[in-house]
Structure formats: structure tokens, C-alpha cells
Amino acid sequence: MAIGSGLGAQIGIAAESTYGTFVAPTKFPEFTKESLVLKKTTATSSGIAAGRLMALSSRRVVTQREVSGSIEMEVANKGMGLLLQALMGTTVTPVQQGATAAYLQTHTLADTWGKSLTIQKGVPLTTGTVTDKTFVGCKIVSAEFSCEVGGMLTASFEFDGRDCDEGQTLAVASYSTMAPFHFGQMGVKAGAYSSETALDGIRKFSIKIERPQAVDRFYANQSALKAQPISNDLVKITGSLDTDYVATTLDDLHTSDGATSLVVEFIGPIIAATHPETFRIKLPAIKVDDAPPTVDGFEVIRPTINFTGLFDGTNAVAIEYMSTDVTL
């Protein structure tokens, strides 16, 4: 028996070969919060029957089913590959670094067609029995990464899904020994692409990647379920940097509307040779939307720089992930 509270909960994920077709979970990320739910659209007959004062329960029907919600977690040094692939779209195979135990995943921006997940969550009753809710056809529609002084690197993934199946067998969760990335490992750099230099005074970062998709593809012959969502707008990347006003570097970019490459990276312990645990977001071009430093009393000036990620015409947005994961 599990503990009859959130302490006994679990999440399992697996990449699907066919959109909306169940695949038994193989990865079990540790999470801090989730809100995945089945959403149903119902219709009730409004037919008039002499003397009937209420609608008949038998005349209510479900016309659409879909899934929505999010999963929040700390970004760990293992087990993030499937989520990063579903977000970014590129099919990734970890590349071994020399003959070491370090494997590099490079997730570049691509269309997410065919990148859906089965997500199974176990929700404990107070008795300790863990109920199964399996969500199929889950596609990531946005993700946000952030870290602040004294904190962990966190990620929030927003999902759109096809259906909820409560008839599957709950997978037995297993967990690798993992460690979270954190503020003490964080570096922020800006400048010419591939020649970025460290930015001083950064206290917090947040980067959000949105993958707009047509999530309303409900058709006849689909049993009230949607067809796989299709990308229907440009990818949107936005973010912010909370800083102490130690230099005018970013302020000047706001004034000139010039572009700079931005790299946010977390460098952990060495896996082997010169290959450390790494989580790195590379935005080849950002433009500062607003960053006017203002004085509000005696305190240190602390502007928040909001920016938009754009395509520099050559280099792809990428997330690099170095771990000991041989497969996603």
C-alpha cells in the first residue's frame, strides 16, 4: 500500500509511436505539482415533454473529450530527455562523449508533429490504494524554465491531450539517483553568437517557449476525440532577467533595439574527463522589450529586463543536456 496522500503519487511518461495510442510508461520524473485533467463537453436534450420539469439524465451526451493541464518539476541531471524532445521537436539520440559515461542531447527547434506522450499519473486514495489516470496523445504546448537566487532550476510543462484512459495497469515507478540543477551552478552570458561573455548582476531568469497548435481538430468519425494538433503559428519565446544595475549592457540594447545572443546554463559535477552535467538554453538572438532603470527609494536599483527571442537567420534555438542517460 502507498501513503494515502500526495506522498504516494507518481507520474510516468513514454513517447508514443502513434498519436493517442497508449505506451506503457518507462520514465518516472519527480514532480512538484500537476494539474492534468480530462475535459468533456456535454449536451443535454431540450425536447419538451408534457409535464416533465427536468431534463432526463439519459438525454445528456458527451460530444467532445480532451485533456489539459501542466506538470511542474525541478530540472534534474537525469531523465529530462523525453520532455525536452516533445517540447523542441527534433528527434534526438544521445551522443556519447569519447569513451566516457557522458552523453550529450542537443534539442533544436523543429516541428512537433509526431512528438506525443503517454502520461500516466497515480493518485492515492486515503486508503493507500493508488488510482490510475492515463492520458494519451499529450503534446507540449508551452514550457517555462526559471531559477532565482538560492533556488532550484524549475520547469513547468503545459499539455494538450487527446483522452483519459482509466483502464490501464498502473506502472511500477522506479527512480534513478538524481540531483537538481540550482542557482549555484547558473551562468548567464550574452554577446555575439558562440562568443558570449558572462553577464554580471543577474539574480533571476525566466524563459518561456510556446508551441502554438490547432488543438480543436474535432471531426466526424473520431468518437468525440481530436486529431493530432498541428502547428498553426510561429514559435514564441519570451523571457526576463532580474538584475542589479551593475552595467548598462542590457539597458543599451533596449535603447538601440540591437540583438544579442543569450545563453543560460547550469554546469554541474564532472561526469567524466571534461564533460560535466549540463543544462543549457541557447537563444541566438534576443531583443530587449523594456528595461528602463527607475529609482524607487534608497535600495539598490534592480530593473527587470523583458525580452523576446527571435531567429538570427542562421542558428537554431537549442537546449543542450549532458547526462549519463544513454537513451531518452
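In the next few minutes I will go through the nonpolar core, the aromatic pairs and the salt bridges of this structure, which is a predicted model.

Let me begin with the interior. The largest nonpolar core has 56 residues, and the residues with the most contacts inside this core are Phe-145, Phe-157, Phe-159, Phe-205, Leu-241 and Phe-279. As general background, nonpolar side chains tend to be buried together in soluble globular proteins.

If you would like one residue to look at first, I suggest Phe-205. Which residues does Phe-205 contact, once its neighbours within four places in sequence are left aside? The partners are Phe-145, Ser-146, Cys-147, Leu-153, Met-186, Ser-240, Leu-241, Val-264, Phe-266 and Ile-281. Two of those names, Phe-145 and Leu-241, you have already heard among the core residues with the most contacts.

That brings me to the aromatic rings. Across the whole structure there are six aromatic pairs, and I will describe two of them, which share Phe-279. In one, Phe-181 and Phe-279 form a tilted pair, with 6.4 Å from centre to centre and 45 degrees between the planes. Phe-181 lies in the loop between E10 and E11, while Phe-279 lies in strand E18, so this pair ties together parts that are 98 residues apart in sequence. In the other, Phe-279 and Tyr-321 are arranged edge-to-face, with centres 6.3 Å apart and 75 degrees between the planes. This pair, too, links distant parts of the chain, since Phe-279 is in strand E18 and Tyr-321 is in strand E20, 42 residues apart. Are these three residues buried or exposed? Phe-181 and Phe-279 are both buried, and Tyr-321 counts as buried because its relative accessibility is 0%, against a cut-off of under 20%. For Phe-279 the relative accessibility is likewise 0%. Taking a wider view, Phe-145, Phe-157, Phe-181, Phe-205, Phe-266, Phe-279 and Tyr-321 form one aromatic cluster, and so Phe-205, where we started, belongs to this cluster as well.

I turn now to the charged residues. Side chains of opposite charge can pair when their charged atoms come close, and this structure holds twelve salt bridges, of which I will describe three.

One of them joins the side chains of Asp-163 and Arg-65, at 2.8 Å from N to O. Asp-163 lies in strand E10, residues 163–165, and Arg-65 lies in strand E4, residues 60–74, so the pair ties together parts that are 98 residues apart in sequence. Asp-163 counts as buried at 15% relative accessibility, whereas Arg-65, at 24%, counts as partly exposed.

Another is formed by Glu-265 and Lys-189, whose closest N and O atoms are 3.1 Å apart. Here Glu-265 belongs to strand E17, residues 259–272, and Lys-189 to strand E11, residues 186–191, so parts that are 76 residues apart in sequence are tied together. Glu-265 counts as buried, at 10% relative accessibility, while Lys-189 is partly exposed, with a relative accessible area of 29%.

The remaining example is Glu-320 with Arg-280, where the closest N and O atoms are 2.7 Å apart. Glu-320 sits in strand E20 and Arg-280 in strand E18, so the pair ties together parts that are 40 residues apart in sequence. Glu-320 is buried, with a relative accessible area of 14%.

Which residues are linked in a network of salt bridges? They are Lys-189, Glu-265, Arg-280, Lys-282 and Glu-320. Strands E18 and E20, then, hold Arg-280 and Glu-320 of this salt-bridge pair, and also Phe-279 and Tyr-321 of the edge-to-face pair.

Terms used: Residues numbered from 1 in each chain as written. Predicted model: local features only at pLDDT ≥ 70, side-chain atom pairs only at ≥ 80, totals over all residues. Heavy atoms only, no water. Core = buried A, V, L, I, M, F, W, Y, C linked by side-chain atoms within 4.5 Å. Buried < 20%, exposed > 50% of the residue type's maximum accessible area, 1.4 Å probe, protein only. Contact = heavy atoms within 4.5 Å. Salt bridge = Lys/Arg side-chain N within 4 Å of Asp/Glu carboxyl O. Helix = DSSP H or I, 4+ residues; strand = E, 2+ residues; numbered from the N terminus. Phe/Tyr/Trp six-rings, centres within 6.5 Å; stacked < 30°, edge-to-face > 60°.
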